[in-house]
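Grab a pencil and work through these short exercises with the model open beside you. Each one sets a task, then walks through a solution.

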Amino acid sequence: MPSPLHLYPMVFACFLGGHLLILGAVTVLHRAFTGAAPRLRADARGLRYLLEFVGAEALMLTAALQLGVVRLAPFSAPRTLATLALGFVWWEFWFYFGHRLLHTRWLYPLHRPHHATPGVHPSLAFGALETVALSSGFYLPLALASHRFHAVSVETLALVFSLAYALNVVSHLDAARLAPRLAATPWRHLLGSPRRHAQHHAGRRGNYGLNSPWPDRLFGTALDAPGSVPR
Ligand SMILES: [Zn+2]
Ligand SMILES: [Zn+2]
């Protein structure tokens, strides 16, 4: 294992390069479907939060590898798939409760940049502390999978963080613009997440889950569920 001073820049470069590649791919797809790029502006504030987001993610992964919280093993496709599937279920509930807590009076200052940064695609606007609070949720399943089942390799980590970021970007796409284009195609099923999250960003209290509707439906905070009472 390289020293932290060597490992951190490597991990940082991988996160930054990976995120920019995913963002580029989503921008191309969005333009193909709607004729316009998603709302993304590289202004100073957006750049600051991008660096805070990637910097905090890289710091946490470097620390997890150095401290042995995550121990790397050779790649195994079945174990990686199991880690991704079970980790996804865990993440959905971790994000739901973490996000709901971030909307309390005391913690909202950490979350405000994500809702208030103007002119920047919101998926890039995460402060360092908010990133630490939410992304720490990755490390319990990763620690368990790596120590008990030798299921975490470099490839597993790349897939976990790339898929998480890709889903995050998809949740922040402009659903209103995409909907008419996708309505007649099988891709319309992918609109649920951006639609729900757009309602949350519009200022309504509810829809705290990110990718799937189940946590909000289970705990009565779904804005689109008939009879639900968001709180
Ligand atoms: Zn929020
Ligand atoms: Zn958001």
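## Exercise 1: How far to trust the model

Task: work out which helix of the protein chain has the lowest confidence and which has the highest.

Solution. Start with the extremes: helix α8 (residues 175–182) sits at the bottom with a mean pLDDT of 72, while helix α3 (residues 77–102) comes out on top at 96. Remember that this is a predicted model. Next, take the chain as a whole: the average pLDDT is 88, and 95% of the residues score at least 70. Then check the tail end: over residues 226–231 pLDDT stays under 50, and the model has 10 contacts for this stretch beyond four places in sequence. Where pLDDT is low, the coordinates should not be read in detail.

## Exercise 2: The overall fold

Task: count the helices and strands, then decide how compact the protein chain is.

Solution. First, the tally: the protein chain has 10 helices and zero strands. Reading from the N terminus, the order is therefore simply α-α-α-α-α-α-α-α-α-α. Now the size: the radius of gyration is 18 Å, close to the 17 Å that the globule rule gives for 231 residues, so the chain is as compact as a globular protein of that length. Along its principal axes, the C-alpha trace spans about 50 × 40 × 40 Å. As for the inside, 33% of the 231 residues are buried. Finally, look at the wiring: of the contacts with a separation of 6 or more, 67% are between residues 24 or more positions apart.

## Exercise 3: Inside the largest nonpolar core

Task: find which residues touch the most other members of the largest nonpolar core, and which helices feed it.

Solution. The core holds 31 residues, and the ones touching the most other members are Tyr49, Phe53, Val152 and Phe161. Helices that each supply at least two residues are α1 (4–34), α2 (44–66), α6 (139–149) and α7 (154–171). The biggest contribution is from α2, with nine residues. Apart from this core lies another, of six residues, including Trp91, Phe95, Leu134 and Leu210. Now zoom in on Val152: leaving out residues up to four places away in sequence, Val152 touches Val70, Leu72, Ala73, Thr83, Leu142, Ala145, Ser146 and Leu157.

## Exercise 4: Three helices and their buried faces

Task: for α5, α4 and α9, list the buried residues and say how they are placed around the axis.

Solution. Take α5 (residues 128–135) to begin with: its buried residues are Glu130, Thr131, Leu134 and Ser135. Seen down the axis, they fall within an arc of 110 degrees, so they line one face of α5. That buried set packs against α2, α3 and α4 (108–116).

Move on to α4, where His111, Pro113 and His114 are buried. Their arc around the axis is only 135 degrees, which puts them on the same side of α4. Flip to the other side of α4 and you find Tyr108, Pro109 and Ala116 exposed. The buried residues of α4 pack against α2, α3 and α5.

Last comes α9, with Ser193, Pro194, Arg196, His197 and His200 buried. They cover an arc of only 165 degrees, which places them on the same side of α9. Among the elements covering the buried residues of α9 are α7 and α8.

## Exercise 5: Loops and positive phi

Task: decide whether His150, Asn207 and Ala183 are buried, partly exposed or exposed.

Solution. Begin with His150, in the loop between α6 and α7. His150 has 14 C-beta neighbours inside 10 Å, so it counts as partly exposed. Its phi is near 50 degrees, a positive value in a residue other than glycine.

Asn207 also has a phi near 50 degrees, again positive in a non-glycine residue. Asn207 lies in the loop between α9 (192–201) and α10 (214–218). With 26 C-beta neighbours inside 10 Å, Asn207 counts as buried. While you're here, look at Gly203, which follows α9 and has a positive phi near 105 degrees.

Ala183 belongs to the loop between α8 and α9. Having 10 C-beta neighbours inside 10 Å, Ala183 counts as exposed. For a sense of distance, Ala183 and Arg112 are 71 residues apart in sequence and 33 Å apart in space, C-alpha to C-alpha.

Notes: Residues numbered from 1 in each chain as written. Chains lettered and ligands numbered in written order. Predicted model: local features only at pLDDT ≥ 70, side-chain atom pairs only at ≥ 80, totals over all residues. Core = buried A, V, L, I, M, F, W, Y, C linked by C-beta atoms within 7 Å. Buried ≥ 20, exposed ≤ 12 C-beta atoms within 10 Å, placed from the backbone. Helix = DSSP H or I, 4+ residues; strand = E, 2+ residues; numbered from the N terminus. Contact = placed C-beta atoms within 7 Å. pLDDT = per-residue confidence, 0-100. Arc of directions from axis to C-beta. Rg over C-alpha atoms; globule rule 2.2 N^0.38 Å.
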